[in-house]
Amino acid sequence: GYQSAGDLKPPVNSGQGIDQGYRSVKPFRGTEVVVEAKGGLKVPTTSRGNQARLLDTDTQGLVQGADNWNVDRLTNAANSGNKAAQQMLRRLGGDVPESFLSATNTRVGQTTVSRLQGATGRPVATPLSGLENVSPVSEMVGATVIENTTRNLVR
């Protein structure tokens with residue numbers, strides 16, 4: 001199974017952070033995954049990977065799901081006392097976690113997952129049509145944890 005690292009936000013300013021972090025414990029020990037969860041009545045189609053339009057940009061110009069956003073938010077949360085973020089940063093050892101977007105159409109309850117890739121700027125969102133067994137996301141999507149995470153974190 002996979003452990004949820006939980007809410008990876010600073011304790012005080014809970015509106016800014018990574019929605020959810022996961023650590024693979026078996027058989028992918030060491031794999032770190034972060035998921036941005038978005039929802040709305042009209043979610044963009046996945047035909048051209050344009051679900052990345054759902055990702056917000058902060059005042060520093062960092063875009064959710066990009067490598068620099070993830071490291072910035074994990075560091076901010078860790079410095080604010082979030083133990084899960086501190087542990088994830090230690091395990092990453094200077095690397096960046098895999099990044100995914102979970103987008104839910106709240107009208108019909110359909111959730112799609114895209115892999116996010118990009119060090120800076122708006123990440124490229126590649127929809128996962130068949131989730132590989134080697135990815136922690138396959139278990140997350142198959143389980144209720146991603147649905148609950150998405151439901152709880154829709155903004």
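1. Helices and strands here are DSSP runs, H or I of at least four residues for a helix and E of at least two for a strand, numbered from the N terminus. By that reckoning, the chain has four helices and six strands. Follow the sequence and you meet them in the pattern β-β-β-α-α-β-β-β-α-α.

2. Before going on, a word on what you're looking at. This is a predicted model, where local features need pLDDT of at least 70 and side-chain atom pairs count only at pLDDT 80 or more, while totals for chains, interfaces and linings use all residues. Residues are numbered from 1 along each chain as its sequence is written, and side-chain values use heavy atoms, with hydrogens and water left out.

3. Now the overall picture. Of the chain's 155 residues, 45% are buried (under 20% relative accessible area, with exposed meaning over 50% and partly exposed in between; 1.4 Å probe, protein chains only). The accessible surface is about 7,900 Å², and carbon and sulfur atoms account for 49% of that (Shrake-Rupley method, 1.4 Å probe; for residues, only the protein chains shown count as cover). Take the contacts (heavy atoms within 4.5 Å) between residues at least 6 apart in sequence: 54% of them join residues at least 24 apart.

4. Next, the inside. The largest nonpolar core (buried Ala, Val, Leu, Ile, Met, Phe, Trp, Tyr and Cys residues joined through side-chain atoms within 4.5 Å) has 10 residues, among them Ile 18, Val 34, Trp 69 and Met 88. Two elements, α1 (67–79) and α2 (83–92), each give two or more residues to this core. The top contributor is α1, with four residues.

5. Trp 69, one of those core residues, also has a charge over its ring: the charged end of Arg 73 sits 3.7 Å from the ring centre. The test is NZ of Lys or CZ of Arg within 6 Å of the ring centre and within 35 degrees of the ring normal.

6. Have a look at strand β4 (residues 98–105), where you'll find Asn 105. Is Asn 105 buried or exposed? Asn 105 counts as buried because its relative accessible area is 14%. A polar atom of its side chain lies 3.3 Å from the backbone nitrogen of Val 108. Beyond its neighbours within four places in sequence, Asn 105 touches Gly 40, Leu 41, Val 43 and Gln 110.

7. Ser 102 is in β4 too. Its relative accessible area is 1%, so Ser 102 is buried. Ser 114 is 12 residues away from Ser 102 in sequence, with 6.7 Å between their C-alpha atoms.

Notes. A polar contact is a pair of N or O atoms within 3.5 Å; within protein, one must be able to donate a hydrogen and the other to accept it, and residues adjacent in sequence count only if both atoms are side-chain atoms.
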